[in-house]
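Biologist: Can you pull up the model? I want to go through its charged pairs and one helix.

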Amino acid sequence: MRGWLGPALVDRIVAADAALRTPVPLSRRVAFVETYPGVGSAELAAAAANRYALRRHAPVLLVDAAGASQQRPAQVAPGTAPVANAGAGSLVAAGLDPARTEATASTRRARPQSLADALDGLPTTGHGVTCLGLPAPAGAGANVPTVADWEAQVGVLARFLDVVVTDFGARRGNEVAAIAPASHAICVVTPPGRPAVEAAVHLARQALASGCPAFVTLVSQRRAPSLLAARRLAAGLSAPAAVIRRRRPGIGEDEVAATALTIALRRREPS
C-alpha cells in the first residue's frame, strides 16, 4: 500500500485520521468563513461535519449561518466560478434532503436539559450529522444571521454536542472579529488569486487578534494551488494553511477538518 500511495501521502492520511479521532474534553466550536460568496465554505464545513460524525461516533451539529451571503454571484472572486452547491447551503452539501432542511419547532430544544432535548426536531443526515439552518434576520438590508442570532439558537445546544461546525459564509473583518469570541477555531476559505488571498489574510488576522486560532484554506476549481504559496502564507500568518483541489476531494478535506479540530483543542473555552 505504501508503494502504491507513496509514504508521504500515507503518513498524511494516518496523521489526519488520528487527529480526527482525538478525544474532546469539552464541546468544540469550529467556524468556516469565506472571502467571497460561493468559494467553498459550505462544502468544507459540510465535509468537516461528516468526517467528525463518521470518525468520532459522537454528536455533531452542522449550522448553516450563511444566510443569503452565498446567493450573490456578482460578488464571486474575479477569475473564479462558484462551487456547485453555492446557494444550496452546507446542510444540503452534507447530504440533507433539500426538501427537509427545516427544523421542527420545539419547546424542548429551547430549554434543553439533555442531548435528546437539544436534538429534538432537528433533521439528521445519513452520516449522522444533525443540522440546523438559521434564517436571515428580518429587516431592510439584513441578509445574514448575526452572532447574536447564532448564540440565541445554538449557544444553548452546544454544550450537549461533541463538535459544532458552523458555516458563516462570506463575512467582513468586523464580522469575523465578532465570530471569534464564540469559536474555538476559524477556517478562512479563499481561492488562490492574490486579491482573495490578501482578503483571507486580513480575515485570519482579525480572528487571531480577537484571540481565536485561525487558518487559511486555498481552494482551486482547476489546478491545485502552489504548496509553496501555502507554506509562505502559513509562515506570514504564524498559522496553518491548507490546499484543496475541488475536483479531487479526499485527503485535503480530511486535513482541513483535522487542522480545525487540532487548533480548536488548543484554545481555552471562549467567553
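**Charged pairs and helix H7**

Modeller: Arg-108 is partly exposed, at 37% relative accessible area. That class sits between buried, under 20%, and exposed, over 50% (1.4 Å probe, protein chains only). This is a predicted model, where local features need pLDDT of at least 70, side-chain atom pairs count only at pLDDT 80 or more, and totals for chains, interfaces and linings use all residues. Residues are numbered from 1 along each chain as its sequence is written, and side-chain values use heavy atoms, with hydrogens and water left out.

Biologist: Which residues share a salt-bridge network with Arg-108?

Modeller: Asp-117 and Asp-120. A salt bridge here is a side-chain nitrogen of Lys or Arg within 4 Å of a carboxyl oxygen of Asp or Glu. For Asp-120 and Arg-108, the closest N and O atoms are 3.4 Å apart.

Biologist: How many salt bridges in the whole structure?

Modeller: Four. Among them is Arg-29 with Glu-151, at 4.0 Å between the closest N and O atoms. Arg-29 is in strand S1 and Glu-151 in helix H7, so the pair ties together parts 122 residues apart in sequence. Helices (H or I, at least four residues) and strands (E, at least two) are DSSP runs, numbered from the N terminus.

Biologist: Is Arg-29 buried or exposed?

Modeller: Buried, at 15%. Glu-151 is partly exposed, at 32%.

Biologist: Switching to H7. Which of its residues are buried?

Modeller: Val-147, Trp-150, Val-154, Gly-155, Leu-157 and Ala-158. They cover an arc of only 155° (directions from the helix axis to the C-beta atoms), which puts them on the same side of H7. On the other side, Ala-148 and Ala-152 are exposed.
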